[in-house]
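Trainee: I am new to this structure and would like to learn what its labels rest on. Could you take me through them?

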Amino acid sequence: MATLSYREALNQALAEEMERDANVFLMGEEVARYNGAYKVSQGLLEKFGSARVVDTPISELGFAGLGVGAAMVGLRPVIEMMTWNFAILAMDQIVNNAAKIRHMSGGQLRCPIVVRGASGAGGRLSSQHSQCLEAGYVNIPGLKVVAPATPADAKGLLKASIRDDNPVCFFEAELLYGEKGEVPEGEHLVEIGKADVKRAGTDVTLITYSRMLTWTVLPAAEELAKQGISAEVVDLRTLRPLDVETILASVNKTNRVVIVEEAWPHASVGTDVVDLIQREAFDALDAPIGRVTGLDVNMAYAAALEAATQPSVQRVLAAVNQVLYR
Amino acid sequence: MPPSNDVLVTMYRKMVLMRRFEEKAGQAYGQKKIQGFCHLYTGQEAVAVGAIEALRPDDYMMTGYRDHAHPLARGAHPGMIMAELFAKNSGYSKGKGGSMHLFDVEHHWYGGYGIVGGQIPLAAGMAFASKYRNEDRVTVCSFGEAAANQGSFHETLNMAAKWKLPVIYVCENNRYGMGTEVTRVSAQPAMHKRAVGYSMRGEAFDGMDAIASWETFRDAAEYCRKGNGPVLLEAMTYRFRGHSMSDAATYRTKEEVEEAKTKNDPIPRLREVLLKKKIATAAQLDAIDEQQKHICEEAVAFADAAPETGLDELYTDMYVEPGEADVRPRERVLGATDVKWPSYPSGQELKVTWELEPPPVHPRAQKKGAA
């Protein structure tokens, strides 16, 4: 296995899929000559030319819609949003066109588009640039939503998303681009809709996704192990559709759950998982489900406030203690 | 080059078809067979017919939510359009789309869209795909003058012009965005002039004159097909009915509407030309009128008799499963075996030769060279 950064893994996925299928093109702000605002598209312009790696004006609604139109007539666009904060401007095209075109046309059209970009806190970027907006897309029928945490999953899920015949919103974490991990050599695909048990355990289930996995939840599980508590860590990887089977299997095994997410607490992916568990595994629970989320405030620029806003290992440990009645 | 006699008669026939169809739709709305929003095209027929007859059948076309007439004139099955309006399973979208979302992909009709201006970027994407695949296809995208005040209009025109996309944008200026007269909310109400801001060709034409419409679209299509980039057309037109069926149209005077109907109706205007130039006799045109009336009566009968959409269709058409084919409406509803469905080159067959931008010359490298 090769050790790659998250951004290199994404870059490999793009390069391999563009090599494999000339219908795939990448479009977005700074993707071509600048090699990507986060260098995910490094070297792709040189390899594939200016019609397949396209620098756009700063017109998120416009180029997202352009991608949807291209997808309706057989191309497979990958639309890079520099960050998902800016994709709010494009949400009309994603929600009203991409997610609805197959239904509105009675099955005549399909929309194989991937909209991908950086999400979450970036480090001292204040409120407009530090948001986790995935729940808004998880809410929309017609979309699939993916949020990988490791380089291997980033590569495998991006390849699967590009090959999917439906619109996929692909959430990368801004603070993960430099993180390294092992990525299997050769053709590596990760099926959309499958969670992954990143650490097996018996006493408590920690459910999470994206950056919280490696930054917060796995370190917390390590600390819990030192205290003699065996935590199982479930990485959702796909947020829509949820992998009900893997979630419930873990809950039925440990009987205690803490959900950790960087996003705000209300109407989030976490609340959706809570709903699922209380409906499908109520009798398995030995304690109310615990949650650790970003605080219900706008992100501040000041370092201390920024840190306090986000989930931490300490907050995860406290939540675990609560569900274990320790 | 003026349109041939055949084209003139065809345009007359299709405009009458659109008019009679919309009358039937209006009646059916009154009978509550059609519910929800329903926007009639009555008065604007010359715009659509000029575009459809001047373009190739395989050119891509789309519009906003005033979308019954365009696919009808492109060759869609009238009964299946009416069935869609009646929310029946025999409709083009199984009654899931309704009046605002008519799609007939077989006839390269890419739909009706309910968000004002939302289709404008889609058309650029379809034109982008044509250029990407090195096809000589043109995309025509209609919208109302109110859509020209949306960000989607400005963002897309900029990209379409910069990348020379083969797309004709046609602003069907019927003067009222719902109840708001265009001049009340537009700093530059002559929408074709906005093309200047994007260095693209822009022109206005009499949208109540089918011949002018055909000629304008023919020129624009030729210009686009040659690779000169997009065109913004502004059809000066007028709708004879309210914005939608629920609109009493109190924002304009009865005199204004009457004057347009009596002096500027595109159908009598073309009829007059046909008679004056002795292209057709009054009896021949009356026979055409009668025939279109009959087609629309049959469309209503077809829609009346069509089955309701069952709850088994509730969750279908949401996600494409691996290997799932697209639904071909005429095959599904009528058992047609002659449906020609669009097919695209595979990712291995396709060779992309388009150079969207010249290769970069690094500014620093240039400086070095100069020194």
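Mentor: We will look at one strand, its partners and one helix. This is a predicted model, where local features need pLDDT of at least 70 and side-chain atom pairs count only at pLDDT 80 or more, while totals for chains, interfaces and linings use all residues. Residues are numbered from 1 along each chain as its sequence is written, and side-chain values use heavy atoms, leaving out hydrogens and water.

Trainee: Which residues of strand 13 of chain A point one way, and which the other?

Mentor: A:Val257 and A:Ile259 point one way, A:Val258 and A:Val260 the other, and all are buried (under 20% relative accessible area, with exposed over 50% and partly exposed in between, using a 1.4 Å probe and protein chains only). In a regular strand, side chains alternate between the two faces of the sheet.

Trainee: What makes strand 10 of chain A a partner of strand 13 of chain A?

Mentor: Pairing requires that DSSP finds at least two bridges. Four bridges join these two strands, which run parallel. A:Ile259 is the bridge partner of A:Ile207.

Trainee: How many bridges join strand 13 to strand 14 of chain A?

Mentor: Three, and these strands also run parallel. A:Arg291 in strand 14 of chain A stands opposite A:Ile259.

Trainee: Why are the buried residues of helix 12 of chain A said to lie on the same side?

Mentor: The buried ones are A:Val316, A:Leu317, A:Ala319, A:Val320 and A:Val323. They lie on the same side of helix 12 of chain A because they cover an arc of only 165° around the axis, taken from the directions from the helix axis to the C-beta atoms. The face turned away carries the exposed A:Gln314 and A:Gln322.

Definitions and conventions:
Chains are lettered from A and ligands numbered from 1 in the order in which they are written.
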